[in-house]
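The following exercises are to be worked with the sequence and the model in view. Each task is followed by a solution in steps.

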Amino acid sequence: MASSFSRILSSKRNIGILSLVGGSATVGFLLHRDHVSAGSPVRRRYPASAEYPDLRKHNNCMASNLTPAIYAKLCDKATPNGYTLDQAIQTGVDNPGHPFIKTVGLVAGDEESYEVFAELLDPVIKERHNGYDPRNMKHPTDLDASKIQSGQFDERYVLSSRVRTGRSIRGLSLPPACTRAERREVERVVVDALAGLKGDLTGKYYSLTQMTEKEQQQLIDDHFLFDKPVSPLLTCAGMARDWPDARGIWHNNEKTFLIWVNEEDHTRVISMEKGGNMKRVFERFCRGLKEVEHLIQEKGWEFMWNERLGYILTCPSNLGTGLRAGVHVKLPLLSKDARFSKILDHLRLQKRGTGGVDTAAVGGVFDISNLDRLGQSEVQLVQTVVDGVNYLIECEKRLERGQDIKVPPPLKQFK
Amino acid sequence: IMPFGNTHNKLKMNYSSEQEYPDLSKHNNHMAKVLTPEMYANLRDKETPSGFTLDDVIQTGVDNPGHPFIMTVGCVAGDEETYEVFKDLMDPVIEDRHGGYKPSDKHKTDLNADNLQGGDDLDPNYVLSSRVRTGRSIRGFCLPPHCSRGERRAIENLSIESLDSLDGDLKGKYYALKNMTDEEQQQLIDDHFLFDKPVSPLLLASGMARDWPDGRGIWHNDNKTFLVWVNEEDHLRVISMQKGGNMREVFTRFCTGLTKIESLFKDRGHEFMWNEHLGYVLTCPSNLGTGLRAGVHVKLPNVSKHEKFGEILKKLRLQKRGTGGVDTAAVGGVFDISNADRLGFSEVELVQMVVDGVNLLVDMEKRLEGGDSIDDLMPEQK
């Protein structure tokens with residue numbers, strides 16, 4: 001199902017500018033022609049300099065890297081599916097960003113976006129992924145959960161453990177660009193495959209358009225239900241079109257393996273359980289992912305993946321592993337220590353509130369997860385979380401005992 | 001180029017029409033009522049010359065199923081040709097929305113304020129303010145759902161150039177949204193002139209808010225009685241307003257101003273989108289024809305509580321809104337009363353309906369204040 005992404009389709013730029021003096025005759029002309037071709041749209045065309053977005057008040061990775069020269073070079077290119085630069089950057093143009101939080105500011109409409117618009121995407125990836133250079137580095141994939149050491153946390157501190165990632169189906173456009181039929185095809189392919197899962201992974205699909213009120217309430221109570229995106233970062237990229245058509249949630253009967261279909265990516269895959277057995281969570285994660293991959297391959301499909309960028313997802317921030325492994329952990333004392341942020345930073349961890357990204361911590365309970373996604377394997381990242389969280393718990397215990405703590409030396413970026 | 005999806009290319013033709021047809025089973029808008037699978041199949045491979053497709057037209061209606069009681073339009077135009085290329089969809093939507101207006105009907109334009117009778121003496125004890133607004137599109141440019149940044153900026157530049165040439169009581173100044181100082185912004189807010197980035201999902205889903213606030217701005221005359229919005233929901237929204245009940249003066253300034261602006265654009269080689277059948281062409285099919293909403297803020301605490309208030313308004317071809325505009329509630333018995341129609345009646349005819357209708361409503365209010373009946377004042381259906 002791989003498309004040949006070396007084909008770069010240059011859309012024909014119609015040089016003829018409509019001149020509209022004395023328009024009614026012109027209008028009559030326009031109204032009576034046949035309008036069926038996509039190859040030569042008649043439209044006012046402006047030079048790249050007149051189309052270049054005003055990014056002076058912007059603070060996102062796209063704005064930092066999209067020079068007028070790069071814009072001019074890429075603005076009339078399109079992927080084989082017809083996705084353009086303006087579409088890719090629209091979310092970043094519409095959302096200037098926050099002075100303190102640097103968003104990515106662009107998305108991929110398909111796998112080929114990462115090739116066709118590489119001149120912009122490569123520096124964005126490098127900036128976002130702490131120096132990972134797609135031009136000369138390779139991304140390691142490792143889903144062998146047996147390699148994880150000390151993956152059981154002290155459950156007096158760790159309340160729950162979770163690993164998530166995303167997967168895209170090669171050959172179908174991504175959420176910002178997909179047509180309704182493509183989106184429905186993604187749903188069909190994935191749901192079909194999930195129906196083949198057995199044992200502890202046996203489960204059921206709940207389509208957003210068809211779930212009963214009871215099912216909906218249960219999914220809300222289980223904290224499984226996802227809602228139509230409200231974040232302008234997502235809506236401006238076109239990901240919420242046609243909601244809730246072809247969106248749904250699948251989970252196993254034990255409620256420890258969950259898949260979101262057609263939310264921000266083709267699929268989001270989540271393994272979770274209460275308590276601190278991160279090793280088991282990751283083991284199920286890897287097993288489930290491999291099983292699903294095998295099931296779609298039987299039908300002639302595969303995931304989007306390459307050596308340069310690992311697993312391909314909609315947002316460049318999720319390339320590589322697309323993996324966020326995290327825990328909900330009680331750190332009331334450590335979180336008040338002035339060194340908390342620095343410790344996290346050195347351990348390559350990030351904190352969020354327990355509602356997820358953009359929420360605040362409640363009762364000293366934090367969501368702690370890996371910062372990195374690309375350039376290290378799944379095993380490496382989960383080990384980082386395991387080691388890091390164990391260290392944080394040690395710090396908390398020491399503070400409980402009135403002992404001092406140390407800021408650990410910073411971890412190396414790429415192993 | 002449409003920002004959303006691959007709607008501008010032939011990718012979707014790889015799938016059958018059934019596979020692409022939207023699920024409209026929970027929808028209640030004009031588009032959903034009209035767009036059958038057969039119509040979708042017939043229109044889906046068409047594009048306007050600028051590349052606007054059927055899926056572009058209907059996206060806002062697919063994304064916003066609507067409200068059980070309020071019927072939204074559910075489709076937009078990306079350029080003038082949309083109304084022609086997709087007439088199989090647009091004509092029945094227009095007919096349904098504009099009271100049976102047929103594809104063969106002709107729309108009359110009349111911007112001669114002298115043809116208005118009376119209207120200069122709506123009782124200012126009840127009528128707090130009077131306002132007339134419309135929209136205009138510049139022929140040859142794509143409309144807000146579809147225009148590129150270059151086009152939008154060109155529209156802005158043309159507009160600034162033309163408006164800067166206005167003189168006399170229309171002389172004024174342009175405030176670009178992205179350049180205004182805090183002071184200017186506050187003044188515009190205090191004057192109730194400033195428009196904000198759209199938040200309504202009806203507008204957002206159609207792509208009208210892209211690149212905000214690039215290319216958007218507000219022009220008003222020094223007297224603050226004539227205001228033009230640039231690149232909000234339409235290329236231009238033109239507003240004439242003042243306190244009190246002299247609707248005639250408001251409408252006269254409106255017509256004079258519009259006519260002057262039109263000729264200033266023509267001097268620069270551009271004209272407004274207009275044709276005999278649809279009148280002035282705007283982004284939303286609901287604003288075709290005159291695009292005109294003439295209205296007053298009027299105190300009707302008693303009439304508004306009368307059981308026949310809704311019926312009276314309907315007979316007078318008027319609609320009520322809260323004083324915050326569409327989708328707001330009335331405060332302190334003060335209502336925004338305006339014409340319900342846009343297409344099939346001329347500007348003069350519509351303003352006449354408002355003038356006559358409001359005069360009647362104020363008479364009714366006075367009667368009810370005095371404890372008297374209004375039965376003999378009940379109007380016929382206009």
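**Exercise 1. Determine how far apart the domains of chain A lie and what joins them.**

Step 1. A distance of 25 Å separates the C-alpha centres of domain 1 of chain A and domain 2 of chain A. The contact (heavy atoms within 4.5 Å) takes 21 residues from domain 1 of chain A and 23 residues from domain 2 of chain A. Domain 1 covers 56-129 and domain 2 covers 145-401; such bounds come from an automatic or database domain assignment.

Step 2. This is a predicted model, in which local features need pLDDT of at least 70 and side-chain atom pairs count only at pLDDT 80 or more, while totals for chains, interfaces and linings use all residues. Residues are numbered from 1 along each chain as its sequence is written, chains are lettered from A and ligands numbered from 1 in the order in which they are written, and side-chain values use heavy atoms, with hydrogens and water left out.

Step 3. About 1800 Å² is buried between domain 1 of chain A and domain 2 of chain A, and carbon and sulfur atoms give 60% of this area. Buried area is the accessible area (1.4 Å probe) that two parts lose on being put together, summed over both. Of the area that domain 1 of chain A buries against domain 2 of chain A, 35% is supplied by A:E111, A:Y114 and A:H129, more than by any other three residues.

**Exercise 2. Identify the salt bridges across this interface of chain A.**

Step 1. The rule finds three salt bridges across the interface of domain 1 of chain A and domain 2 of chain A. A salt bridge requires a side-chain nitrogen of Lys or Arg within 4 Å of a carboxyl oxygen of Asp or Glu.

Step 2. The side chains of A:D122 and A:R308 form a salt bridge at 3.3 Å, N to O.

**Exercise 3. Is B:R253 buried or exposed, and which residues does B:R253 touch?**

Step 1. B:R253 has a relative accessible area of 11% and is therefore buried, the limits being under 20% for buried, over 50% for exposed and partly exposed in between (1.4 Å probe, protein chains only).

Step 2. Leaving aside residues up to four places away in sequence, B:R253 touches B:D169, B:L170, B:T225, B:F226, B:S240, B:M241 and B:Q242.

**Exercise 4. Explain why helix α4 (residues 54-63) of chain B is largely enclosed.**

Step 1. Helices are DSSP runs (H or I, at least four residues), numbered from the N terminus. In α4(B), 10 of the 10 residues are buried, so the rest of the structure largely encloses this helix.

Step 2. The cover over the buried residues of α4(B) includes α8 (180-194) of chain A and, from chain B, α2 (30-34), α3 (37-43), α5 (82-85), α6 (87-97) and α9 (201-204).

Note on methods
Helices (H or I, at least four residues) and strands (E, at least two) are DSSP runs, numbered from the N terminus.
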